[in-house]
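I opened the model to look up how its parts are packed and joined. I kept these entries in the order in which I looked.

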Amino acid sequence: MVVTGAGIITALGCGWKSNAEGFRAGRVAFRSVTLFDVSRQRAKSAAEIDLPGDLPPTLLTAHMARRLDRAGRLLVTAAHECWNQAGWQPDDQLPIVLGTTSGAMSCGENYLLHALSIPKSQKQQPTRVVQYQLHRQGLDLCNAFGFAGPVTVISNACASGGNALGHAFQMIRRGASTKVFAGGYDALCQLTFAGFDSLQALSPTTCRPFDAGRDGLLLGEGAAMLALESLEAAKKRGAEILGEIIGYGAATDIHHLTQPHPNGDAALAAMSAACANAGVTPEQVDYVNAHGTATPQNDATEAAAINRWAGPRAATLPVSSTKASIGHLLGGAGAVEAVVCLMALRGQWLPPEINLERPDPACQFKIVRKPVDVKINIALSNSFGFGGANASLAFRRWS
């Protein structure tokens, strides 16, 4: 199954070029939060996006475009780049698979604030209700690009984006469709930020995955969409191929709602399943894009899982977490990090963690700490979330 289009927007910029340059250099995009009041929160920083004032040109009317919430605008922006790169035409049978945790959460927040402050007024409240529905963004994509098809939304915590791509991969592999429009997205919102802060999961300093002194994650926002299709379909229309998704694995950790089992059994199972599905061994994997949130428990568990999965290969295996640059994108993380893997495979470089000061001794693998050009053919990307959701995707360079 091949990728013929990719669109991305993060705090590093809008589009493939600016993001590839940022990730390759290990640029850090955190800054003080301006979207909402964080004066009562422990953490004050996040990776906010400078969202363009105007949407890219689509079939959406001006009225429809105005109704989009922040997350919807991120999604349409990423989808526009992907759609144009793929060169697809409108189709009444094109499936959409999206991963998200918050969807249009800001619409729900605005509904509540309006109801509390002006309880007798219903101005714009029906619109907020309509836009708040989790499948609304999928329908917005259909309207924006003039196609129709089954819409599937996966909300499986921070594995959502990875699960969405995995589901799309399976649809094509089993012949249910020749192409799927898939990805993930999430925007910063006050409820999510305050929730993570109340769990004391956010860092009051900075995001340092796999650092011995790490003290929490930092949130980001963004979206990525991928045009996935069978190799036969791509060749038939002479499409440019960006890379391949060759394997997918998923597993559930029932240990605890927010804490992974310290042995990392489910993470190990997801990584092993993705490689078995792809027909590759750990020795053949050239890079791992880790989930790497920079929380003490997550990184320790993932390190244990990678160590067990890689075995002797761990000593020379390059690993990094791009959350050190753009924060945790929650439901959008797996899709954005999939695009990062495609960028690295096409460009033959590894994304570094510039913030890393002192690697955790638990990491038996090599953490990428500076920009490096290197020959890589296969990459593995991990997405792990609350509720024990674990997903891994395997990618191969197209040549």
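The entries below go from the domains to the cores, then to single residues and the cysteines.

**Ground rules.** I am working from a predicted model, in which local features need pLDDT of at least 70, side-chain atom pairs count only at pLDDT 80 or more, and totals for chains, interfaces and linings use all residues. Residues are numbered from 1 along each chain as its sequence is written, and side-chain values use heavy atoms, with hydrogens and water left out.

**Domains.** I looked up the division of the chain first and found domain 1 (2-236) and domain 2 (247-396), with bounds that come from an automatic or database domain assignment. Their C-alpha centres are 21 Å apart. Counting contacts (heavy atoms within 4.5 Å), I noted that 61 residues of domain 1 meet 62 residues of domain 2. The two domains bury about 4700 Å² between them, and 68% of that is on carbon and sulfur atoms; buried area here is the accessible area (1.4 Å probe) that two parts lose on being put together, summed over both. On the domain 1 side, F23, R24 and F210 supply 19% of the area buried against domain 2, more than any other three residues.

I then asked how many salt bridges the rule finds across this interface. There are four, where a salt bridge is a side-chain nitrogen of Lys or Arg within 4 Å of a carboxyl oxygen of Asp or Glu. I also looked up R24 by itself, and its side chain forms a salt bridge with that of D373, at 2.6 Å from N to O.

**Cores.** A nonpolar core is a set of buried Ala, Val, Leu, Ile, Met, Phe, Trp, Tyr and Cys residues joined through side-chain atoms within 4.5 Å; buried means under 20% relative accessible area, exposed over 50%, and partly exposed in between (1.4 Å probe, protein chains only). The largest core has 85 residues, of which L141, F147, F181 and L228 touch the most other members. Its largest share, eleven residues, comes from helix α13 (residues 333-347), helices being DSSP runs (H or I, at least four residues) and strands likewise (E, at least two), numbered from the N terminus. This core draws at least three residues from each of the two domains. Another core, of 28 residues, lies apart from it and includes A314, V319, F365 and A394.

**Single residues.** Leaving aside neighbours within four places in sequence, L228 is in contact with a list that includes M1, W88, I172 and I245. I followed I172 next, which sits in helix α7 (residues 160-173) and counts as buried because its relative accessibility is 8%. With the same neighbours left aside, the contacts of I172 include M1, V180, L228 and S230. I172 and L199 are 27 residues apart in sequence, yet 39 Å apart in space, C-alpha to C-alpha.

T295 is in the loop between β10 (287-289) and α11 (296-310), and counts as buried at 15% relative accessibility. Not counting residues up to four places away in sequence, T295 touches A201, R214, G216 and L217.

**Cysteines.** I found zero disulfides, a disulfide being a pair of cysteine sulfur atoms within 2.5 Å. Why is C207 without a bond? The closest cysteine sulfur to that of C207, in C158, is 13 Å away, which is too far. C363 is likewise too far for a bond, because its closest cysteine sulfur, in C207, is 14 Å away. Both are buried, C207 at 0% relative accessibility and C363 at 12%.
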